[in-house]
Structures are given as C-alpha cells and as structure tokens.
Amino acid sequence: MNWQWFHRLGSPKWFYAKCTRWLPWLWLICVTLFGFGLYQGLLNSVADYQQGETVRIMYLHVPTAFASMMFYVTMAVAAAVGYIWRMKMAHMVAISVAPVGAAMTFLALATGSLWGQPTWGTWWVWDARLTSELILLFLYLGFIALHQSFEDREVGDRAAGVLAMVGVINVPIIHYSVYWWNSLHQGATVSKLDKPSLDPSMLSALMYMLLAVILFCSIIIIMRLRNEILSREQGKQWIKEVL
Amino acid sequence: MFFKLLKRELLRHWRCRQDLINPLVFFLITVSLFPLAVTPEGQMLQLMGNGVIWVAAMLASLLSLDTMYRDDYHDGTLELLLLQSGSPYTVVFVKILSHWLTTGLPLVLVSPILSVMMQMNDEAIKAQMLTLLIGTPVLSLIGSVGMGLTVGLRQGGVLLSLLVLPLYIPILIFGASAVSAASMGLEYIGQLGLLGAFLMGSISLVPLASVAAIKVSIR
C-alpha cells in the first residue's frame with residue numbers, strides 16, 4: 001500500500017492546494033445533505049406522540065451534541081500528534097477545530113435548553129448530560145484561551161497540546177462522575193444498532209442531519225485551516241505563487 | 001537528592017510565611033461568608049456545609065498554586081533545578097509534594113473547626129477530614145499542570161482557574177457526596193475508594209504531564 005498521500009497531509013502547501021480543489025464539492029454535498037435532512041426532519045417525519053412537534057429540535061440538538069464530543073477528541077488527537085511528532089500541520093488542525101467544537105457545544109446547550117422548556121418545563125436542569133456538556137464547553141474555552149495567551153505561537157501550540165492531552169483523559173472521568181452524581185436525561189436511543197427505538201423516518205432525518213452537521217463543521221474547519229496556513233506560512237515562496 | 005530538594009522547598013515556604021497563612025485565611029473567610037449570605041439557621045448550614053467547605057478548600061488550593069513555581073521561575077532557579085538535578089520528574093514531584101504539605105495539609109487540619117461552625121455532626125466531620133486528606137493531594141497534582149503551563153504568562157491567574165477548575169470537578173463531586181452521605185449516617189467507603197483511585201491515578205500520571213507542561217514554559 002502506498003502511504004504517500006498520507007505523509008503529504010503534513011505539508012501545508014499540499015494541503016492548501018487540495019483543500020482549494022475540494023471545497024466547492026464539499027459545499028455541494030453539505031448543502032444537499034442539509035436539504036434532505038431538513039425536508040425529512042421538518043416535513044416528512046412523524047411528530048412524537050408525547051412531545052408533539054417540539055421533537056423536531058432533536059434534528060439539530062443531537063447532531064451538534066455529537067459533533068461537540070467528536071471534535072474534542074479530534075482536537076486532542078491532533079494536538080497529541082503535533083506535540084509528540086512535532087508536526088506543525090497537526091497543531092494547526094487542533095487550533096482550527098477548537099472554536100468550531102466550542103460553537104457546537106454552545107449550540108447543543110442552546111437547542112437543548114429550547115427543547116427543555118416545553119418538554120421538561122424548565123430551561124435548565126442540573127442533569128448529568130447537560131452538566132458534562134457545560135464542562136466540555138469550559139474545557140474548549142480553556143484550550144482556546146491558553147493558546148491565545150502566548151505571544152509565541154509555537155509555544156502556545158505545545159502548551160495547548162499538553163492541556164488537550166490532560167483534558168481528553170479527564171473527559172470520560174468527568175462524564176461518568178457527573179453521570180453518577182445525577183441523571184434525568186433520556187438514555188441514548190440511537191446507539192442501539194440492532195433495533196433503534198426511534199421511528200425509521202425520524203432516524204433517517206437524524207442521520208442526514210448528523211452527516212450534514214459534521215460535514216459543515218469540517219468545511220468550516222478546513223476554511224479556518226487555510227487561513228491558519230496562510231498566516232503562519234506568510235512570506236514563503238509558494239504562498240506568493242498561490243495568491 | 002529527593003530529601004535535599006524537599007528540605008529546600010519546605011524551607012522556602014517557611015521563610016515566606018505569608019504564603020502559608022493566606023490560603024488558610026481565605027478558606028476561613030470564604031466559608032464564614034456563606035452563613036451571612038444564605039442563612040445562619042442550623043438545618044440549612046448542615047445541608048450545604050459539606051459543599052461550601054469543599055468549594056472553599058478547592059479555591060484556596062487553587063489560589064496558592066502560584067507559590068509552587070512562580071518565584072523559582074522568575075529568578076531562574078527552576079531552570080537550573082531542572083537542568084542540574086538530573087531528573088525533572090523528581091523536581092516536579094517534590095514541588096507538588098511540598099505544595100500539598102504547606103497548603104493542602106493545613107486545610108485538612110483546619111477543616112474540623114469549620115465543620116463544627118457549619119453545625120455538622122461527628123460522622124460528617126470525620127468524613128470531611130478523610131475526603132480532604134485524600135482529595136487535596138489530587139488538587140495539588142492537577143493544579144501543578146495548569147500552573148506549569150501558565151507560569152510564564154503575565155496574567156496567568158484567571159486563565160489558571162479556567163484550566164484547572166473543570167478538571168477538579170470529579171474530586172468535588174465525590175468529596176462532597178461522601179460527606180453528605182456520612183451526615184445522613186450512610187456508608188461512604190465507595191466515594192473514599194474512588195477518591196483513592198483518583199489519587200493513585202494522578203500520582204502515577206500527572207507528574208509526567210506536569211514535567212511536559214513546565215518544559216513548555218521554560219524551553
């Protein structure tokens with residue numbers, strides 16, 4: 001097997017060129033997925049027998065919550081790769097992912113609170129999942145703030161890398177201790193692969209939206225990454241040729 | 001080497017006694033603010049005393065993290081110690097240990113007085129001391145990573161709390177719940193066991209992260 005494509009990902013120049021070519025296509029797929037997902041979710045799926053139409057917030061809430069956790073791990077893995085093998089691209093990925101992940105965490109909390117008001121009768125409860133999502137937001141903010149506060153970007157990269165690695169070990173511990181502390185959130189319904197307890201029309205809408213949100217986040221991350229590459233590599237010959 | 005370093009650290013703390021006393025005074029004042037703010041009624045104090053004492057101890061420990069590295073970092077001692085001692089691990093470990101001996105342990109020793117002031121019963125006071133005894137070393141350990149990362153920064157203080165407090169949450173949860181279980185006469189050995197597990201896990205892993213953190217700051 002030829003691994004050259006993989007090693008090339010470490011080169012800012014190559015990555016920049018590839019991204020420029022991919023972006024329009026990614027946008028196209030993303031918009032299509034959003035179209036399918038929103039149509040299926042808002043118009044074509046059944047309303048919940050208890051929650052009625054409010055259940056449709058789920059099609060934004062679940063994907064953003066999923067993305068918020070997925071991107072924390074992505075960020076931590078990228079930061080660890082950057083710290084251990086001193087790859088500058090990996091650090092750039094970690095830095096670009098962090099604000100997007102934080103935004104998704106915030107969206108998950110906001111949509112959750114909008115959903116909670118009509119169904120649980122309150123904007124906020126100190127429930128385990130909500131609390132650990134809130135703590136996840138703090139962890140993201142800590143990462144971003146630590147990176148921002150170093151004047152030297154490379155030192156900031158390494159410091160934030162250490163923090164991300166410590167954080168990712170702690171995330172499951174925090175999650176389970178909070179879970180043990182208190183829970184009233186409904187259990188996971190999608191992870192049961194054999195027979196999901198969701199209606200098929202809801203499930204397909206959810207899957208479309210999940211893919212769409214993750215793809216959307218990836219596009220934003222790639223765009224941030226391009227900016228990051230441009231600002232870090234400024235003055236290099238290839239940049240002058242590209243721009 | 002270990003004991004020489006430990007002696008030096010303890011002597012350093014002893015010579016600026018202000019740093020030893022400040023966290024304790026902070027601890028006392030913060031806890032005594034709560035009855036003033038909420039209610040001096042015994043029942044209520046008993047209910048929230050465990051949490052209040054735990055949060056105050058956590059903040060006191062957080063505020064005192066500064067003394068761990070900052071002075072040594074600014075006069076260059078830390079750099080020399082890391083270079084010359086041959087083992088950065090030992091240096092960091094001794095610093096964490098001495099931080100606990102000078103701030104964590106006094107907090108544990110003072111806590112019964114505050115527990116009595118918060119109208120807690122005997123069993124709860126015992127649990128409070130035990131959980132603080134097991135929990136405060138973990139606070140020093142985790143805090144050392146945050147302090148290592150922020151020691152070179154000018155406004156590290158606020159940032160430090162943002163980095164470290166979320167990581168303190170599991171300790172707070174199990175510490176406070178052990179005490180409230182004890183105050184209701186329930187078994188709390190499970191929470192103590194989990195705190196012990198956190199302590200063992202962080203003793204074995206955190207100093208390594210702390211060395212990495214301090215190396216980022218020193219270069």
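These are my notebook entries on a predicted model with chains A and B.

**Entry 1: ground rules.** I noted that residues are numbered from 1 along each chain as its sequence is written, and that chains are lettered from A and ligands numbered from 1 in the order in which they are written. Since the model is predicted, local features need pLDDT of at least 70 and side-chain atom pairs count only at pLDDT 80 or more, while totals for chains, interfaces and linings use all residues.

**Entry 2: chain A as a whole.** I looked up the secondary structure and found eight helices and zero strands in chain A. Helices (H or I, at least four residues) and strands (E, at least two) are DSSP runs, numbered from the N terminus. From that end, the elements of chain A read α-α-α-α-α-α-α-α. I then looked up the spread of the chain: along the principal axes, the C-alpha trace of chain A spans about 60 × 40 × 35 Å. The radius of gyration of chain A is 20 Å, which agrees with the value near 18 Å for a compact globule of 243 residues. That radius is taken over C-alpha atoms, and the globule rule is 2.2 Å times the number of residues to the power 0.38.

I also looked up burial. A residue is buried if 20 or more other C-beta atoms lie within 10 Å of its own, exposed if 12 or fewer, and partly exposed in between, with C-beta atoms placed from the backbone. In chain A, 36% of the 243 residues are buried. For contacts, the rule is that the C-beta atoms of two residues, placed from the backbone, lie within 7 Å. Of the contacts in chain A with a separation of 6 or more, 77% are between residues 24 or more positions apart.

**Entry 3: chain B as a whole.** Chain B has nine helices and zero strands. The radius of gyration of chain B is 18 Å, close to the 17 Å from the globule rule for 219 residues, so chain B is as compact as a globular protein of that length. Its C-alpha atoms fill a box of roughly 55 × 35 × 30 Å along the principal axes. Buried residues are 48% of the 219 in chain B. Among contacts in chain B between residues at least 6 apart in sequence, 80% join residues at least 24 apart.

**Entry 4: where the chains touch.** How many residues of chain A are in contact with chain B? I found 20 residues of chain A in contact with 17 residues of chain B. On the side of chain A, the elements that give two or more residues are α5 (128-148) and α6 (153-181). Helix α6(A) gives the most, with 12 residues. This side of chain A divides into 15 nonpolar, four polar and one charged. Ala, Val, Leu, Ile, Met, Phe, Trp, Tyr, Cys and Pro count as nonpolar, Asp, Glu, Lys and Arg as charged, and the others, Gly among them, as polar.

**Entry 5: F174(B).** I picked a residue in helix α8 (residues 156-183) of chain B. Is F174(B) buried or exposed? F174(B) counts as buried because it has 26 C-beta neighbours inside 10 Å. Leaving out residues up to four places away in sequence, F174(B) touches S177(A), Q191(B), L194(B) and L195(B).

**Entry 6: two packed helices.** I looked up α2 (residues 17-37) and α6 (residues 88-117) of chain B, which pack at an angle of about 35° with axes 10 Å apart. The axes are lines fitted to C-alpha atoms over the stretch in contact, and angles run from 0 to 180 degrees between N-to-C directions. The residues of α2(B) in this contact include P23(B) and F27(B), and those of α6(B) include P106(B) and V110(B). The contact divides into 10 nonpolar, two polar and no charged residues.

**Entry 7: helix α4(B).** In α4 (residues 66-74) of chain B, I found T67(B), M68(B), Y69(B) and D72(B) buried. Their cover includes α1 (2-15) and α5 (77-84) of chain B, among others. After α4(B) comes G76(B), with a positive phi near 85°.

**Entry 8: positive phi without glycine.** R86(A) is not a glycine, yet has a positive phi of about 50°. R86(A) sits in the loop between α3 (58-85) and α4 (88-120) of chain A, and counts as exposed because it has 12 C-beta neighbours inside 10 Å. Q119(B) also is not a glycine and has a positive phi of about 60°. Q119(B) is in the loop between α6 and α7 of chain B, and counts as partly exposed because it has 17 C-beta neighbours inside 10 Å.
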